[in-house]
Amino acid sequence: MKERMLKLTCEQANLVKGEYPHKHILQPIMMAGEWYLPASVMDNSVYESAISILQSCCVVEIEFPDEMPEL
Amino acid sequence: MNNVFTLRHQLDLGGGGSLLLPETKAYIAAVKAEGGEILYEKQVNELLKTLKTNGILQKLDFLYLANYEGIGSRVNIISPSVMASIITGISFSSKKGWQSPGVGQCLNLGYKRSTMTKLVAPKGSIGVFFTETQSDKGRIFMGAMRSASSPRNSLLLYRASPATRIVAELYRDAENAIAGMAASSNGYFAFSHHEPSSGVYAHQLYMDTVRHAANNTSYTSIHDVNIYGCAANINGVVSTPMTTTGRIGCFYAGDYIDGLGADPAVIGGEHAIFRSALAKYFTDIAEL
């Protein structure tokens, strides 16, 4: 399963993290020491106030394993 | 004659405010206050009436129900002042419900076990209703996380082609309650657990019309954790890759819901009523 993700610096993650209109929350995820958000967040106007930061991030494709991580 | 016509019109459409349950009215008012809309008032009211008549509605801590649009469907019908928040862009499809279209996206249902008054150890129920079939690799998560390293106490549907696996836990600690079982691709998916003083455990998974008894030897108490829908979220951080390709039309949690029927392999009791009422609701709104 390939996902298009935004790769954020720690500073960018801290800047965009938080609450947005209509009880929306941006919450970057940490994977292997790096911060990411789904690239699809750029298509949502709710996050418009963060769009300049989001657009400055690198878009990467990440392969996620099909198997569920062990709970 | 006009008055009679108006009354009949209201009865048919459910538009007469006095015909709605107080619970339905409170829900609609809260939705409108948030800028949302409930288009299918009659159908919502019929569902709540069925659940209330059968004593199920009173058992719930939360009930989120897909309706016409996303704002209204994020309002908790049981406590309408509570509205689920969207974490990182989860999507809503008219009438069909919620989908986590990408990694790290989920719906925060806004409850901690410690705030629940109905789901109290040592018994409780959590459940979802799928309105859209999952793809082979779709993943659904609904539940509560105990810790970052061991997110137990969950209701999880996991499908990975060619293997299909279910893990469902309510407040179990040591091991998976059910594993290696064929997953239902849509419909009713719920879990109930009860430890009565007699020591006879009832610990069961419900998948559409089928009831599955689970191993029930090592339960622990309910932990103080938040409950999320559609994707994994551990201690407030969405950290597990999750993509859900299907839709969830309903989330609920609350007190133990009875599922005993004449046939031990067939869903019965309150779960049968709940499942039928939800199936009717989604059938009805799809026909409009």
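## Exercises on a predicted two-chain model

The buried residues of helix 3 of chain B are Glu41(B), Gln43(B), Val44(B), Asn45(B), Leu47(B), Leu48(B) and Leu51(B). Here, buried means under 20% relative accessible area, exposed means over 50%, and partly exposed lies in between (1.4 Å probe, protein chains only). Helices (H or I, at least four residues) and strands (E, at least two) are DSSP runs, numbered from the N terminus.

This is a predicted model, in which local features need pLDDT of at least 70 and side-chain atom pairs count only at pLDDT 80 or more, while totals for chains, interfaces and linings use all residues. Residues are numbered from 1 along each chain as its sequence is written, chains are lettered from A and ligands numbered from 1 in the order in which they are written, and side-chain values use heavy atoms, with hydrogens and water left out.

**Exercise 1. Determine how the span of helix 3 of chain B relates to the expected one, and what follows the helix.**

Step 1. Helix 3 covers residues 41–53 of chain B and has 13 residues.

Step 2. The expected span of a helix is 1.5 Å times one less than its number of residues. From first to last C-alpha, helix 3 of chain B reaches 18 Å, close to the expected 18 Å.

Step 3. Gly55(B), with a positive phi near 75 degrees, follows this helix.

**Exercise 2. Establish whether Thr24(B) is buried or exposed, and which residues it touches.**

Step 1. Thr24(B) belongs to helix 2 (residues 22–33) of chain B.

Step 2. Its relative accessible area is 0%, so Thr24(B) is buried.

Step 3. Contact means heavy atoms within 4.5 Å. With residues up to four places away in sequence not counted, Thr24(B) touches Glu41(B), Val44(B), Asn45(B) and Leu48(B). These four are also among the buried residues of helix 3 of chain B.

**Exercise 3. Describe how strand 10 of chain B is enclosed and how it pairs with strand 6.**

Step 1. Strand 10 spans residues 187–194 of chain B; seven of its eight residues are buried, so the rest of the structure largely encloses it.

Step 2. Two strands pair if DSSP finds at least two bridges between them. Strand 6 (residues 123–130) of chain B pairs with strand 10 in the antiparallel sense, over eight bridges.

Step 3. Within this pairing, Ser125(B) stands opposite Ser192(B) of strand 10.

**Exercise 4. Identify which elements supply the largest nonpolar core.**

Step 1. A nonpolar core is a set of buried Ala, Val, Leu, Ile, Met, Phe, Trp, Tyr and Cys residues joined through side-chain atoms within 4.5 Å.

Step 2. The largest such core has 37 residues, and Phe62(B) and Phe251(B) have the most contacts inside it.

Step 3. At least two residues of this core come from each of the following: strand 1 and helix 1 (10–16) of chain A, and strand 1 (60–65), strand 5 (106–112), strand 6, strand 10, strand 11 (202–207) and strand 14 (248–254) of chain B.

Step 4. Another core, of 35 residues, lies apart from it and includes Leu47(B), Leu51(B), Ile77(B) and Ile257(B).

**Exercise 5. Locate Lys2(A), and classify its accessibility and contacts.**

Step 1. Lys2(A) sits in strand 1 (residues 2–8) of chain A.

Step 2. Its relative accessibility is 58%, so Lys2(A) counts as exposed.

Step 3. Beyond its neighbours within four places in sequence, Lys2(A) is in contact with Glu61(A), Ile62(A) and Glu63(A).

**Exercise 6. Find how many disulfides the chains contain.**

Step 1. A disulfide is a pair of cysteine sulfur atoms within 2.5 Å.

Step 2. By this rule the count is zero over all chains. Cys10(A) is in no disulfide, and the nearest cysteine sulfur, that of Cys57(A), is 12 Å away.

Step 3. Cys10(A) is partly exposed, with a relative accessible area of 48%, whereas Cys250(B) is buried at 0%.

**Exercise 7. State where Lys23(A) and Lys95(B) lie, and what their phi values are.**

Step 1. Most residues other than glycine have a negative phi.

Step 2. Phi of Lys23(A) is positive, near 55 degrees; this residue lies in the loop between strand 2 (18–20) and strand 3 (24–26) of chain A. At 38% relative accessibility, Lys23(A) counts as partly exposed.

Step 3. Phi of Lys95(B) is also positive, near 70 degrees, and Lys95(B) is in the loop between strand 3 (91–93) and strand 4 (97–99) of chain B.
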